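Ready for some practice? Work through the exercises below at your own pace, and try each task before reading its solution.

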Amino acid sequence: MSSQGNPPSAPPGQATSADAPGVPPTGQERAQARQTHVFPPSTPDWNDLDVIHRNTLPPRAQFFLYENREHARSRRVSRSKSQLLSGEWLFHHSASPLAGPTDFHQHNPDDLALKQEWRGQTVRVPGMWQLQGYGKGPQYTNINFPFPVDPPRVPIDDNECGRYVTSFQLVPEDTRHQLRLRFEGVDSAFTVWVNHHEVGYSQGSRNPSEFDITPFVNCPGTNYLHVEVYQRCNGTYLEDQDQWWLSGIFRDVWLHKFPATHFEDIHVQTLLDDHYRDATLHVDVKLNSGADVVLSLLDADGTEIANKTKKVEKGSTTFEIPVKNPHKWTAETPYLYELVISMPGCALAERVGFRRTELIDGVFSVNGKPVKLRGVNRHEHHPDYGRAVPYDFLKADLFLMKQHNINAIRTSHYINDYRLYELADELGLWILDECDLECHGLLAVGGNGSAFTSDNPDWEEAYIDRARQMVMRDFNRPSVILWSLGNESGYGRNHAAMYKFIKSIDKTRLIHYEGDWNAHSADILSRMYFSIGDTEAYAKDRNWDKPLVLCEYAHAMGNGPGALKEYIDLYYKYPRLMGGFVWEWANHGLRTKTKDGREYMGYGGDFGDEPNDYNFVMDGLCLSNHTPGPGLIEYKKAIEPVQTLGVEDGDKVRIINRYDFVTLDHLECWWWVVSDGAVGPVTVEKVKIPQGIKPHTEALLSIPNLGKHRAADSHLNLKFVLRETTSWWEPGHSVATGQIQLTKPTTLRLLQSIAVPPAQHPKVELTDTTILTITNPHGPRWKFDLALGALISWQRRTPPSNPSESLSPNILTSPLLFDLYRAQTDNDRGCSFGRNWRDRRLHQAKPHLLQSTWHQEDATATVIITTKTRLAPSALNWALEITATYHFTANHQLTIRAHAKPTGHLLPRAWGRLGLVTSLKGCDGARWFGRGPGEAYRDRKMSQAVGRWEVGVEELGGTGGTGSLGYEFPQEYGNRTDVRWVEFFSTSSAAQGAQKQSETGRRLLRARYGAAAFEGAGFSVLPVTARELDEARHPYELRERWKERGGEGRVVHLDWMHHGLGTGSCGPETLPEYTLHAGREYEVEIVLD
């Protein structure tokens, strides 16, 4: 019966019941009168839990077929039997799959292009439609689903739909081929039509889907492809990964042309014997029909080392080839053989790495050796294209990882572009391959979150499907050493089913799943964001048979992470610890602009998305454009494969090889010594590395005459560099550095004692009611506000030796004040410290004078001002009481000594910093002796070596122009630490009265710290204040603040101490040893000249 339109006509010669009211209605007419119309008329595939795929081919290994073995060996996809369909496609967007042109698949592309609703609308494939101007725009949530939670249903009225149309040509040579249409990735589900015939449906966003379209094509001729993509489906409940919600065909679309007789699948296993010497190459080959198959194994030079021919009937067959002592594949020695399998008219080539993974006495091992994972979590991200990552960008990621000593990737939290794995095979990276599975949001809606899906038998096949897709595609990759069942999905029977399924296919790899805390369905234990103490407690446990990996740790959000070295040292101290994966590789900012054209990297909420999780998506070691951030530089240092331990017997340096498989024979070592006070070029010499230093063993380097380098504050520097070209970089690349302090610094008191005696005494005047003016005939003029208790002016003479010359303008554009607060970092805001600072109003603390006294000593003519000040906020009782003495000497120096004592109730837990702050006019840069040249903090400083550095303001803290202005979400930045002295200079000719230096620019001001403060003393030069950093949400806002001030006066912090960073945004807060505790008294000193 028709559900719409006119009722059926009566038989000829008989009126319908409407024309014959006296005739009782028939049963058919009564049924029609009460028929109920349903919308939608049936459950859509995307809301039907019983429909995961429709008419897809079985998942298979990733490979391309070629005409012959020569073409296959070229590995040039352009010569393969395939056709790339990616490009510019016709596109239409609607708010729901049930709205818009639902019959679009019935129309040719040319006809659609003429319709008003399609005209001029195209998208790039691969691509995300939200980043090409369609739909509501990107949306970011960490945990929450951005729609009402009702599994397995998603809303039919809030489910955007993208309709794609393109065409492709087939030529006569394509006949007698099976034509396979393969989508490498579509978010989140889709239906396919070819030449107006429905082909099938599939879901599983990051998994490939392949359809046999042979019955539907015109060959030769033009063919039309229509694809309807759904923003959400029931599978979306399993795809709640911490990333942007984006939609579309985001990986390539291929048309594979398999000849009449072809390979359907191939599985390769390399089975090493128990001595890890000889191997058996085990190859399972599946054919669609019988053929004579030739298998050939070639080494990296192209020499054939094995060959076997076998007559194979339709179905599967196995080749087993013994291989004598093959080169072993590891992340450090990524030796690849080439496997070529061919038959008439069909060939494929596969790279093979011989390796074996297992637990040996509970220790994670590869090829019989314990392995430490120095890894990162990597999402697929590009600042302009989202998850549609171009190959060159992906490749640059992996090169960057290798250059920064990273040896492992967790594909968080889905299988990645297949080309990543091929590159990992080639470059040498361990892969923890993770299923496209996370349902974190179901754990946040109340009740038993696992009962929705993970422990619900109705979802078993959906879970197994995601395991199947991963294992079948990536089985042959030697870089894949661990399978993962997904992430943050609770735990239930379906994880156990996944584990069982994977083990039925692959018994050569271990399985990981962090959500299974007791490892019932996992071969290793896994934890997230464990503290140093908790990690060590697990490591010390004497009763264990499974190792522990930190699948996420050292949350790299904003300015951080702190305390990386402590984790790495634990990994190498305890056999049970496998290592870990820092969260995460890169920020996920999306490039966007304000209405007036100012560019920035957007995060949650910047696109009108609600709900959102704000800037939690900016939590990577790299910036959003994937350039290294300070966190990545520090991680490289923490995990460097050669560690410098110390000096012995005067001229011997002890080192340790932290590689897992190789010696240090591929490296060269160079050494030099830097000293405070040494000016001029440094002599760099080569030191011989002993041959054959085995992994995890120590050795001594001999450096002749090292003992003669005994100047004050001398430091031995070592640099280990590549000797030869590798697959990922060139000779001379720095792999590791070491630095050892040979002598102690000269104390500040000693420096003062050897100062030149003054020729004339300074003059002191009370020039205003509260302003004390101190004029040095051959030096500066200072002004001190006795009511404020602070220096407010510093003027120099031009030139300094001529007292008749005029004084320069005041170089201080704001008073020199004591300071306790730093702009909060993401790691501060995310933990107790940041909340405590707000509750205790630390950001509002300012100095309140209690008393000022002054006098001039007769013997030295030194003017001494003593102030007693309370640094305190409004509304609360706590304070830091500071007694400070200011010694203005005839030697043109100002020495400040201070005693700081906390008092009152409800003290903050810690100070952000303890130091001085002012604004300095005309500052163009700084030179210093301390750690540098980059940013450093007390728990993130090892990558910055002690030395003499000179840096312009652009690099120190950015400018109002194109400078970085710190992080992509404004926060504290730019600190340099372990500083002995720093001088700020001007390159401007207008810097009247500045002291001429042999280096770049003229000195404006120099600061020297007391010896007790060398460990942790530091400075920063920024264009903005801490308050402006706290208030800003994007860097362009800081540029506006700088412009509003006319670009005058850079904020200079001179800190004796600075609170550590920690990883409190998602993990442990700052460690006690790096905390600037507020409950203690402090004695500090600094000399300014």
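**Exercise 1.** Against which helices and strands do the buried residues of H10 pack?

*Solution.* Keep in mind that this is a predicted model. Start by finding helix H10, which covers residues 564-573. Next, pick out its buried residues: Leu564, Glu566, Tyr567, Ile568, Leu570 and Tyr571. Finally, look for their neighbours: these residues pack against helices H9 (532-540) and H11 (630-638), and against strands E32 (548-553) and E33 (577-582).

**Exercise 2.** Are aspartate 174 and lysine 257 buried or exposed? Find how their side chains meet, too.

*Solution.* First, the contact: the two side chains form a salt bridge, with 3.2 Å from N to O. Then place the partners along the chain: aspartate 174 sits in the loop between strands E6 (161-170) and E7 (177-183), while lysine 257 belongs to strand E15, and 83 residues separate the pair. Last, accessibility: aspartate 174 and lysine 257 are both buried.

**Exercise 3.** Explain why arginine 351 counts as partly exposed, and do the same for glutamate 426.

*Solution.* Begin with the pair itself: arginine 351 makes a salt bridge with glutamate 426, and their closest N and O atoms are 3.4 Å apart. Arginine 351 lies in strand E22 and glutamate 426 in helix H5, 75 residues apart. Now recall the cut-offs: under 20% is buried and over 50% is exposed. Arginine 351 has a relative accessible area of 22%, so the residue is partly exposed. Glutamate 426 has 33%, so this residue is partly exposed as well.

Methods: Residues are numbered from 1 along each chain as its sequence is written. This is a predicted model: local features need pLDDT of at least 70, side-chain atom pairs count only at pLDDT 80 or more; totals for chains, interfaces and linings use all residues. Side-chain values use heavy atoms; hydrogens and water are left out. Buried means under 20% relative accessible area, exposed over 50%, partly exposed in between (1.4 Å probe, protein chains only). Helices (H or I, at least four residues) and strands (E, at least two) are DSSP runs, numbered from the N terminus. Contact means heavy atoms within 4.5 Å. A salt bridge is a side-chain nitrogen of Lys or Arg within 4 Å of a carboxyl oxygen of Asp or Glu.
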